[in-house]
Structures are given as C-alpha cells and as structure tokens.
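Student: Hey, have you got a minute to go through this one with me? Here it is.

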Amino acid sequence: MRRQTASARERAYDTGRRRQWLAGEARAEGVSRRRLLTVLSAAGVLAPLLTAPGAHAAPARGTAAPGILKPLPEHLFTVRGTNAETRFEVLRGTGLHTPADRFFVRNHTETPQLDAAEWALRVWGSGLRGGPAEFGIDDLKSFRAYERSALIECAGNGRGLFAEQQGQEVSGTAWRLGAVGSGRWRGARLADVLRAAGVSEHAVDVMPRGLDPAYVDDGVDQGRVRRPLPLAKALEDVLLAYELNGEPLPYDHGHPVRVVVPGWVGISSVKWVGDIEVSDAPLYSPWNTDTYRLFGPSYPPEGSAPLAEQTLKAAFELPWEAQLRVRTEHLLTGRAWSGRGGVDRVEVSTDGGARWRPARLHDRARSAQWVRWSLPWRPERTGDVELLARAHDTAGRVQPERTVFNEQGYLFSAVVRHPVRVA
Ligand SMILES: Nc1nc2c(c(=O)[nH]1)N[C@H]1C(S)=C(S)[C@@H](COP(=O)(O)O)O[C@H]1N2
Ligand SMILES: [Mo]
C-alpha cells in the first residue's frame, strides 16, 4: 500500500514538474524541442501535436564489445553492441552477490579509465544554499561508510522476449534476462554529501552526470549520461559507492565512484559520476523524456511518468535451450526479484503452465535484492519443453502471462518460457 502511494506521488511529481516547466522554471539542456513539446502537451496547455518518437535501429550483435575493459569470455557473456549480458547459468552457485567478473555491463559509449586520485565530485546548482562544493575520493571516504546489498538491473532487461515470446517488435538492445546483477555496494550516502554541500529547502531535483564520453544517438549529441532523481529518493537510500563486493569499483562499473539507486531502473545508477546538479526547479534530460518512459498505444502521447521502480522477474540458471538428460533427477535453480518489496513466492511449471509447484526459497524476501530458489525435476519423456517460473512479491504482484507492449521494450515482466531439450 505504501508503495502505491509512492507511485502516485511519482505521477503527481511529474505533473508538478511539467507545470514548473511551463512557468519557465525548468531546465532541459539536450532535450529535443520535439520531445519537450510532447512532454509538455501532457500538462494540458499545449495541444498534443506530435506523436512518440520513431523506433531506433536495434544495435548490431557482435563478438567484441568496444569500450568494455574487462575480459568477456563467451561462456560468461553474450556481447550485444557496446554491452555485455551475463549468461544466467553462470550465476548458479555464485551466492547472493554477482562476482565482478560476470556482472553485466551496459555502456552508452565506452568505459573511461579514471584515476581515483585525480577524481573529484562537483556538487552545484540553484538548489544549494551557497556556491558549489567539491569532494575528492578521500573526502568521500571521510563520510560514514554504508554498505547496501542491491541489484542493478537495466530497464530493458528481458526486452528480447517482447519479440521472442510475444511477437512484438521493440527498439533497443535485445537482452534476455541477464541484464541484472547483485552487488554489495559500499560508499557514502548521497544524503550526507548533499547536506554537506548545503542542499536548500527549495531543492527538488538532483541530477548526477557521468564522465564517460557524450552519447551520440542517430547523429544527435545528447551530452553526457545524466538523469534527474527526485530529491526525496536522493535523500532516502541512494549511495555514492566506491566498492563492489569488498573491492574498489571495477572500471566498467563506474570506477572510482558510481551512484547506486536501490530498486530503481539501472539508468538511475549513474557510473563514473563527475558532478551532481542540485536544482530548485525540475530538470529534464533525454533519459527521462525521450527514453525511460513507456510509449505506445496503451500510454499517453508524452509517455508514462519517468520510470522509477523495477518490475518483477524470475529466471532459471540454465542455458537457453539447455540439454537435460531424460529419467534423471535435475535440481532446477534460479533467482527471482522485484523492485517493490521482495519476492516471497516462486512457482515452477514443467508442463507449459498447466500445473505449478512451489519452489523452495533460499533467501528471505528483501527489497532491491533477489531470492535464490530451487526445485527438483525428473523428466520422464524426451522432447522439447518450456520451463516456467512465476514470482510473487510482498507488494502482492505476480508475473502476468504477457507484458503490455511499449515501443522501447522496457520493464518486461511476463512469465518467461525457457526452452529446454530433454534427450
Ligand atoms: N555514466 C554512465 N552511467 C550509466 C550508464 C552509462 O552508459 N554511463 N548506463 C546506465 C545503464 S542503462 C545501466 S542498466 C547501468 C548498468 O550498470 P553496469 O554496467 O554496472 O551493470 O548503468 C547505468 N549508468
Ligand atoms: Mo539500462
């Protein structure tokens, strides 16, 4: 119930910020005029002249990921353009947290090799009581350190299943379910840093920006990766993390410092953060206007409110089209997770969805974290089968049979039909 209030709050907030924009109070560098007009038409003042943006070409699938520094052996990763997807089967037996060598990478451009000793975070903007403040890595480490276990999951995780399972074409990287990883993050609380920087009572938005190169999409320079967070979330549980699983952050995951926004879509967790604008007026960037909203026939022309919480998913720790031996007992294992509350029930079907059996859960339900589950299965017949796992979360949600279409293929949440061959 509390969470429903939170999403209602998010909608009200979005409406409020649009009004402020119309009053000339918002800033929106790098947001196309066309997109802003669409967003603003939702405030009811401008007529909805424009439709949602056209589909972008899907990035080509390659065997090397330009710009990723860590090794990407084929048994651990599927490379998709500038990104690398974790093969879910290699999470089997890895524990709650994903080892850095198999943590998925989502890069808009390329990993910059930054030197922690030279790095500094600049906090600036109209939402501060005074001028800008700067924090080096030692300053950041002098704040009380917090450790938080949290998933990072791309909003497009599972996107490939819109086509594969629902026959719907969407734009963007066609991930299966491996654009998610779990980390033990250590760092300073963003709230503490903002307070030290002198955040004022008039601040409404906080926008971290990465130090990786500017993102050019279809020939349009969108500037550096940046996305506003409402101040309420920024003060709640966001970290400026400098460690992953007890080690300094790896280059590809934001070294020396990244933002970690528990439970929210991955784009919120800006890597290689170099500055944070604190604003007394709403901020827009292409990452909360053009993308990371839901567009399509079921949504308003300006799209849904900017995406925040993650959805609900379950996955088998098995290769896609795994070969399993007949008349042998197999221990099916997997993980299930939700951006709202935690997962407290997982059911598995080995007959295409006719009958469901409860899986055993190995972790307690926790927010922004997955649970591991298992179920023994002895297939008696040879042939192709689809295995299904269905998660329920503590907010009362359950995975549906289909996900409502959106053009950019975000927040896939339907029960996945995982193909295996029994031989
Ligand atoms: N600076 C910067 N931050 C970024 C990105 C990026 O390209 N540049 N990608 C975002 C997206 S879309 C996701 S899903 C996560 C991925 O985090 P990971 O690469 O550590 O798994 O980082 C987010 N933060
Ligand atoms: Mo993402």
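Tutor: Sure. I'll call it a polar contact when two N or O atoms lie within 3.5 Å; inside the protein one must be able to donate a hydrogen and the other to accept it, and sequence neighbours count only through side-chain atoms on both sides. The model is predicted, so local features need pLDDT of at least 70 and side-chain atom pairs 80 or more, while totals for chains, interfaces and linings use all residues. Residues count from 1 along each chain as written, chains are lettered from A and ligands numbered from 1 in written order, and side-chain values use heavy atoms, without hydrogens or water.

Student: What does the backbone of Arg106 do with ligand 1?

Tutor: A polar backbone atom of Arg106 is 3.0 Å from an oxygen atom of ligand 1.

Student: And how far is the polar side-chain atom of Lys271 from a ligand 1 oxygen?

Tutor: That distance is 2.5 Å for Lys271. For Arg258, a polar side-chain atom is 2.8 Å from an oxygen atom of ligand 1.

Student: How much of ligand 1's accessible area does the protein cover?

Tutor: Of the 530 Å² that ligand 1 has on its own, 100% is covered by the protein (Shrake-Rupley, 1.4 Å probe).

Student: Where does ligand 1 sit, then?

Tutor: In the largest cavity, with more than half of its atoms within 2 Å of the grid points. A cavity here is a set of points on a 1 Å grid over the protein atoms alone where a 1.4 Å probe fits but cannot get out, and lining residues have an atom within 4 Å of a point.

Student: How many cavities of 30 Å³ or more are there?

Tutor: The structure has 3 of them, and the largest has a volume of about 270 Å³. It is lined by 21 residues, with Arg106, Arg258, Gly266, Ser269 and Lys271 the closest to its centre.

Student: New topic: which peptide bond is cis?

Tutor: The one from His255 to Pro256, with omega near 5°. Pro256 belongs to the loop between β12 (247–248) and β13 (258–260); strands are DSSP E runs of at least two residues, numbered from the N terminus.

Student: What about phi at Glu321?

Tutor: Glu321 is not a glycine, yet its phi is positive, about 60°. Look for Glu321 in the loop between β15 (312–316) and β16 (322–324).

Notes
1 Å grid on protein atoms, 1.4 Å probe; cavity = no way out; pocket = protein on both sides within 12 Å on 5 of 7 lines; lining within 4 Å. Points joined across faces, edges and corners; volume = space filled by probe spheres on them. Helix = DSSP H or I, 4+ residues; strand = E, 2+ residues; numbered from the N terminus.
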